[in-house]
Amino acid sequence: TLTALSAAKATTVTFAGDKVLTSGGETFTAATSITSTNTGGVKLTTALGTGVSFTGGSGDDAVSLGATTKAITLGAGNDRVTSAGLVGTGGSVDAGAGTADTIVMASAEAAVADNDATFNSKFTGFEVLELSNALAAGATLNLAGINNVSQVTLTAGGANVATSII
């Protein structure tokens, strides 16, 4: 576990090994490509730049994204992506072959993604939707519109309950 990781001038960053690497914050200012062959997994807390590609390995990887314009491929682990549910031109997010790949979104972002056909063409391979805040009373989420996820987790409490999750 690192409290901070800085490779500000590196254009390519590669993680290797067999133990989980967790970073409390990263500075990859010049990076255009991050690759993990680490079988333990890599957990990055700072959102990747929109022009940075990420290729994960067999470990459980975790990344945060903005409107990425690059391919994000997470590999075989049970991976975790925190995202606003959108990508920029050319961007895509493939969760890989895990059985519990999770996409973390705010409930309002999920409500937009579930009605957007582009979402399922750009985000693939997720089995779990984790909502980072409570749903609005009477809200409806169509899980078919969010990669047909089979599980929904609510990480923030609240009195509001969805009327319908289909």
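Biologist: Which backbone nitrogen does the side chain of Asn38 reach at 2.7 Å?
Modeller: This is a predicted model. In it, Asn38 is found in the loop between strand E5 (33-36) and strand E6 (42-43). The side chain of Asn38 comes to 2.7 Å from a backbone nitrogen, that of Gly40.

Biologist: Which residue has its backbone oxygen 2.9 Å from a polar atom of the Asn38 side chain?
Modeller: Polar contacts are N or O pairs within 3.5 Å. A polar atom of the Asn38 side chain lies 2.9 Å from a backbone oxygen, and that oxygen belongs to Lys19.

Biologist: Is Asn38 buried or exposed?
Modeller: Asn38 touches Phe15, Ala16, Gly17, Asp18, Lys19, Leu21, Ser58 and Gly59, not counting residues up to four places away in sequence. Buried means under 20% relative accessible area. Asn38 has 2% relative accessibility, so it counts as buried.

Biologist: How many salt bridges does the rule find?
Modeller: The rule asks for a side-chain nitrogen of Lys or Arg within 4 Å of a carboxyl oxygen of Asp or Glu. Asp18 and Lys19 meet through their side chains at 3.6 Å, N to O. Arg80 and Glu130 form a salt bridge with their closest N and O atoms 2.7 Å apart. The count comes to two.

Biologist: How many residues apart in sequence are the parts that Arg80 and Glu130 tie together?
Modeller: Arg80 forms a salt bridge with Glu130. Arg80 sits in strand E10 (residues 80-82) and Glu130 in strand E14 (residues 128-131), so the parts tied together are apart in sequence by 50 residues.

Biologist: Is Glu130 buried or exposed?
Modeller: Its salt-bridge partner, Arg80, is partly exposed at 33% relative accessibility. Buried requires under 20%. Glu130 has a relative accessible area of 11%, so Glu130 is buried.

Biologist: Are Asp18 and Lys19 buried or exposed?
Modeller: The side chains of Asp18 and Lys19 meet in a salt bridge. Exposed means over 50% relative accessible area. Both residues count as exposed.

Biologist: In what order do the six strands of the open sheet run?
Modeller: Strand pairing goes through backbone hydrogen bonds, either parallel or antiparallel. In this open sheet the pairing is parallel. The order is E2-E5-E7-E9-E11-E13.

Biologist: Which strands stand at the edges?
Modeller: An edge strand here has a single partner strand, so one side of it is left without a neighbour in the sheet. That describes strand E2 (12-15) and strand E13 (123-124).

Biologist: Which residue in E5 stands opposite Thr14?
Modeller: E2 and E5 run parallel, joined by four bridges. Thr12 stands opposite Ser33 in E5. Opposite Thr14 is Thr35.

Biologist: Which side chains along E2 are buried?
Modeller: The side chains of E2 alternate. Thr12 and Thr14 point to one face and are not buried. The buried ones point to the other face: Val13 and Phe15.

Biologist: Are the rings of Phe123 and Phe126 stacked, edge-to-face or tilted?
Modeller: Both Phe123 and Phe126 are buried. Their ring centres lie 6.4 Å apart, and their planes stand at 40°. Stacked needs under 30 degrees and edge-to-face over 60. The pair is therefore tilted.

Biologist: Which residues do ring pairs link into a cluster?
Modeller: The structure holds three aromatic pairs. Ring pairs join three Phe residues into a cluster: Phe119, Phe123 and Phe126.

Biologist: What separates the C-alpha atoms of Leu5 and Asn115?
Modeller: Leu5 lies in strand E1 (residues 5-6). Leu5 is partly exposed, with a relative accessible area of 22%. Along the chain, Leu5 and Asn115 are 110 residues apart. Their C-alpha atoms are separated by 38 Å.

Biologist: What is the radius of gyration of the protein chain?
Modeller: The chain has two helices and 17 strands. For 166 residues the globule rule gives 15 Å, and the chain comes close to that, so it is as compact as a globular protein of that length. Its radius of gyration is 16 Å.

Biologist: What percentage of the residues of the protein chain count as buried?
Modeller: The C-alpha atoms fill a box of roughly 50 × 30 × 25 Å along the principal axes. Buried means under 20% relative accessible area. Of the 166 residues, the buried share is 40%.

Note on methods:
Residues are numbered from 1 along each chain as its sequence is written. This is a predicted model: local features need pLDDT of at least 70, side-chain atom pairs count only at pLDDT 80 or more; totals for chains, interfaces and linings use all residues. Side-chain values use heavy atoms; hydrogens and water are left out. Rings of Phe, Tyr and Trp (its six-membered ring) pair if their centres lie within 6.5 Å; planes under 30 degrees apart count as stacked, over 60 as edge-to-face and the rest as tilted. Buried means under 20% relative accessible area, exposed over 50%, partly exposed in between (1.4 Å probe, protein chains only). A polar contact is a pair of N or O atoms within 3.5 Å; within protein, one must be able to donate a hydrogen and the other to accept it, and residues adjacent in sequence count only if both atoms are side-chain atoms. Contact means heavy atoms within 4.5 Å. Two strands pair if DSSP finds at least two bridges between them. The radius of gyration is taken over C-alpha atoms; the globule rule is 2.2 Å times the number of residues to the power 0.38.
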